[in-house]
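Reader: I am in my first year and still learning to look at models like this one. Please take me slowly through the charged side chains that pair up, and through the place where two chains meet.

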Amino acid sequence: MTKEIEAYFDRLWPICRSITGQGVRDTLRILSEIIPLSIHEVPSGTKVFDWEVPKEWYINDAYILTPEGKKIADFKVNNLHILNYSIGINKKINYTELKDHLFTIESMPEAIPYVTSYYKEKWGFCISHNEFLSLPKEGDYHVFIDAGHKEGSLTYADLILPGDSEEEIMFSTYVCHPSMANNELSGPLALAFLYREILKLKSRKYTYRFIFIPETIGAISYLAENGRHMKEKTVAGFVLTCCGDNGEFHYKKSRRGNSLPDRAVTHYFEKVIKHGQIRPFKTDGSDERQYCSPGFNLPVGSLMRTPYYEYAQYHTSFDNKSFISFEALEGTIQAYLSVVELLELNDTFVNTLMYCEPQLGRRGLYPTSLTHGTSRDFIDRLLHLVNYCDGEHDLIEIANLFDTSIFTFKEALDACLKEGLLVKKSSL
Amino acid sequence: MTKEIEAYFDRLWPICRSITGQGVRDTLRILSEIIPLSIHEVPSGTKVFDWEVPKEWYINDAYILTPEGKKIADFKVNNLHILNYSIGINKKINYTELKDHLFTIESMPEAIPYVTSYYKEKWGFCISHNEFLSLPKEGDYHVFIDAGHKEGSLTYADLILPGDSEEEIMFSTYVCHPSMANNELSGPLALAFLYREILKLKSRKYTYRFIFIPETIGAISYLAENGRHMKEKTVAGFVLTCCGDNGEFHYKKSRRGNSLPDRAVTHYFEKVIKHGQIRPFKTDGSDERQYCSPGFNLPVGSLMRTPYYEYAQYHTSFDNKSFISFEALEGTIQAYLSVVELLELNDTFVNTLMYCEPQLGRRGLYPTSLTHGTSRDFIDRLLHLVNYCDGEHDLIEIANLFDTSIFTFKEALDACLKEGLLVKKSSL
Amino acid sequence: MTKEIEAYFDRLWPICRSITGQGVRDTLRILSEIIPLSIHEVPSGTKVFDWEVPKEWYINDAYILTPEGKKIADFKVNNLHILNYSIGINKKINYTELKDHLFTIESMPEAIPYVTSYYKEKWGFCISHNEFLSLPKEGDYHVFIDAGHKEGSLTYADLILPGDSEEEIMFSTYVCHPSMANNELSGPLALAFLYREILKLKSRKYTYRFIFIPETIGAISYLAENGRHMKEKTVAGFVLTCCGDNGEFHYKKSRRGNSLPDRAVTHYFEKVIKHGQIRPFKTDGSDERQYCSPGFNLPVGSLMRTPYYEYAQYHTSFDNKSFISFEALEGTIQAYLSVVELLELNDTFVNTLMYCEPQLGRRGLYPTSLTHGTSRDFIDRLLHLVNYCDGEHDLIEIANLFDTSIFTFKEALDACLKEGLLVKKSSL
């Protein structure tokens, strides 16, 4: 899978994305080759909760000509050079004026920063601090940005993959960052390829919702359209970001703190893979800020590698292909798939007998003679399962009480369902 | 007491018990000399929940004659040699066929294992692994088991010792194991002698139920008859097993995890004797599996010495008289008696004043002048007691809040009751 | 402030206070210069809950003349020499009889103990153990106590400082101890000067109740008059005692254990000053015994320095001016004032948007471009605040979730209130 992911990465990398504009559309078109997305356009000026969809941004070219005539901050070399969402400009200015429109990172002198100005009309360039230090202080600079804003629309995409039930598991990722690798190309790539894996599952209890949006305003626009439905149907949701570096898995909990995804990923970390870090919900971060706003309070967490803010390359030109690994990205997809399988397996069952243990011998479920060395693994799990399936405990809780992975109960569960010892609570 | 317990041990030891048959009856008859049990017979074939009472087993003799004519696996030497519940057999077979009917423990080469086959018709012998290795591979073996199954009944016994209230404390032990000491003779012996101690109490708030049954099918049969009543009346219950080794006290909690016996024994371990290990409920184990099945979910735990499964001698011929100690067994009886006294003392009281402290001086309950060195033990406990007796906290909680033993409150409690400062909540 | 406190200390020090009598009145009159107290008199014999207001005590002089004619235990030198609430006496007795009326502390041979006998008619003297050892055993002693009890009244004082709401914060301290410094002059002095600081606050959401009473019988009398109202209105209360030594801050929780003052002071210790010890409620101690009796169960704790019982000088002549420090006393007043400010700031707010984040940019609350090094302190707090202001969390909880002091949210809170993003829940 890694080769195919890499090929898509290479095609998506050069596109200059922003919260609106052609970059988003180009990105979604390419991703549609992997997942058959529905594309939606929300006109500029549309009111979405406390917000308004901004004008659509376009950009063709941008650069600075130094007094010596050297072209620097060239958009065609690296689209991070342009202040994202910049207005257009075309004029000669001196060093002093230019300086106020330059963004650098003094502590990382070789890195180009990623800077945006969505809600204030500004123009600007981002360059390495070393390049900034080398600029002559005398003479005229020619600043040229062929960009601007127009009435248009904000673009997002989604796909609903129906399952046996209307209850939904939701995944959301964002497609508004220019050429950076872990944040954000790893997210959309992980989600598109996760779709393919979920499609291969033999059955799906849940309906799956895949969302590709510009961050913040896109999530707000999406919720304006779909929030009421999602509040009613979503049982678990995840924001995909920072999926591609080689760091340890981290899970940021939903605002509720003990929602189904919180319990599922905690179980996955503690009992299944036995590593991974759990973090509490915080109101900084990505689109969980909207999904977990108090009116919605959706059960949405974020399973990622190294969290944003915790790696130095974040929001700089150093967050590039060499920072991530496609094996790590595939590992994240696999982790999400395991969590999906865990959620599909999890359910609340009811014991059909309730009073005393079932007689397992006549059902062929008990060893014919109990002696030293007989494995009790299957029997112990089966009796534990039958005892706790009282309609009050789901399988995650039952596995936690046994201090082991939910997946180790599959054989015993299947035997109990086949023998009619357990039935799904939802079927009663 | 230990001499008398030992004398009963010696009489009970040689009896070949099983889940049904004469061994159980003989055992209950001897125990009836200590505790006046009612004996009940449940006919073979009786439906009890998901189970059916099996036929009654009888056995007269069993052995193997080796090709050299040596008698081994002699039932009359050690009744563990026979596969418990074995069918009868009388024929000559070769080594290869014999081997499939022999049970040994390779890791304990001198021990005879205890093996049963209740629900599958089989014959077999249990021998030490060393004896097994010495068997000649050529020649004819004569296997002889004079045993079989017949329409009959399952036998169990109980005794109800009435108290002031219909609320019950229940004790259950099992009487289906052949010649083994800790598991199980220690359980029935502890319970029979505990009865004598409870009988000596000056008063009994609770009704006490003493149950002696074959494990599993006996408990299920007992619950079929008494379960509805027990579910309504039982406030605390205990399964007695593994009471005689020299190990530390362990308490296996009830399924509820915070039931009255769980709280009482935890208090007893932590605040009274200041040692003892608490274990969570598990669905393996003994008859708590039935008492704590979800439909009943009785408040039943198990206070024992070293838990079954945790000592090597378990279910082997090494679990014999030399493994246990009658002092340890008496210590376990004493521990149970202390827990009974704790439960009898515990109650929920209501302060008759509620607003501000009572004036203790005119009731003669306060030191006449408070100076340095005046012991405040009594006053502090009395005021703590009066404050927390709001109908919401029982004495165990109140003592826990004071970080001390419930028994240290007896004097203050009696003074408050005498002065009418407290009344039992149940009397209101 | 310390000089002024010290001047009041020096005036209050010599007064011989008790639970009734002129000493209490003189003390309250002096304190009234700082806080305009209302003085209340409760006649002897008045029934207050389970108690009766005792007769009023008066004392003019007391001493012992030794056989050599030496005057010792002179009340005019140190009022601790007299058994507090002693009856009068005037006679010659021998050493043996005298001995039964002397109180000393063997382990602190230079200290005079503080001893009382309120509810048993007795006479006695308190002297140092060394003085006791030096007494001749032969000859006549003249014991003289010009004291007695008469129909009169118990005196207490209070002041209600109204605020915007009828909800009350209550402070209580006691004025019944003779010449001791930490326990108790530090308490009344701290409370009188705290009043002055609270008076300076620009606004007061809460009504404040200041109570100066004799310990125990005074609190009971006060509750007999005001308890019903206080139960209805009190949101937080504190008993002031042991405010003047140089020890660490301690807070003894209210009986509820998680009441508003418990949460406020815990937050103050853990997130604001980052030191201080929390103690659970106990039924020994001071007037919290009455306020937290189960019928009232008021949210009353006690913020102090070193708790009574935990310093050797407690209830002896060593608890004097040299044991305390006026800087420490002022520090305690300041701590109480901070807790008041914390409680005034704390409230439960409701987000007026609820769905998705507010658009901060157009309100001028968002940095115009987000780049490396932009401080997110304000934004992060504002978004955290808006998210958790769902009507279920108060500011203390919200600050705890952010692991920081409630005071750091002031700027963000004010901005949100100004912009109408938040409203007080109580205003809805």
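Author: Happy to help; we start with some ground rules, then go to the salt bridges, and finish where two chains meet.

Residues are numbered from 1 along each chain as its sequence is written, while chains are lettered from A and ligands numbered from 1 in the order in which they are written. This is a predicted model, where local features need pLDDT of at least 70, side-chain atom pairs count only at pLDDT 80 or more, and totals for chains, interfaces and linings use all residues; side-chain values use heavy atoms, with hydrogens and water left out.

Now to the charges. Side chains of opposite charge can pair when their charged atoms come close. A salt bridge here is a side-chain nitrogen of Lys or Arg within 4 Å of a carboxyl oxygen of Asp or Glu. Over all chains, that rule gives 91 salt bridges.

Take B:K76 and B:D61, a salt bridge whose closest N and O atoms are 3.6 Å apart. This pair links distant parts of the chain, 15 residues apart: B:K76 sits in the loop between strand 5 (71-72) and strand 6 (89-93) of chain B, and B:D61 in strand 4 (residues 56-65) of chain B. Helices (H or I, at least four residues) and strands (E, at least two) are DSSP runs, numbered from the N terminus. How much of each partner is accessible? B:K76 is exposed, with a relative accessible area of 61%, whereas B:D61 is buried, at 13%. (Buried means under 20% relative accessible area, exposed over 50%, and partly exposed in between, with a 1.4 Å probe and protein chains only.)

Stay in chain B for B:R279 and B:E310, whose salt bridge has its closest N and O atoms 2.5 Å apart. B:R279 belongs to strand 15 (residues 277-279) of chain B and B:E310 to the loop between strand 16 (300-304) and helix 9 (326-345) of chain B, so the pair ties together parts that are 31 residues apart in sequence. B:R279 is partly exposed at 29% relative accessibility, and B:E310 is partly exposed at 43%.

Chain C offers another example: C:R11 and C:E33 meet in a salt bridge at 2.7 Å, N to O. Here C:R11 lies in helix 1 (residues 2-12) of chain C and C:E33 in the loop between helix 2 (22-31) and strand 1 (38-43) of chain C, 22 residues apart. C:R11 counts as partly exposed at 39% relative accessibility, and C:E33 counts as partly exposed at 42%.

Next comes the meeting place of two chains. In chain A, 32 residues are in contact (heavy atoms within 4.5 Å) with 24 residues of chain C. Chain A and chain C bury about 2200 Å² between them, 52% of it on carbon and sulfur atoms; buried area is the accessible area (1.4 Å probe) that two parts lose on being put together, summed over both.

How many salt bridges does the rule find across the interface of chain A and chain C? There are four. One salt bridge between these chains joins C:D390 to A:R255, with the closest N and O atoms 3.0 Å apart. On the side of chain A that touches chain C, helix 6 (217-233) and helix 8 (288-291) of chain A are the elements that give two or more residues. Helix 6 of chain A gives the most to that side, with three residues. Finally, look for a network of salt bridges that links A:D50, C:R362, C:R363 and C:E419.
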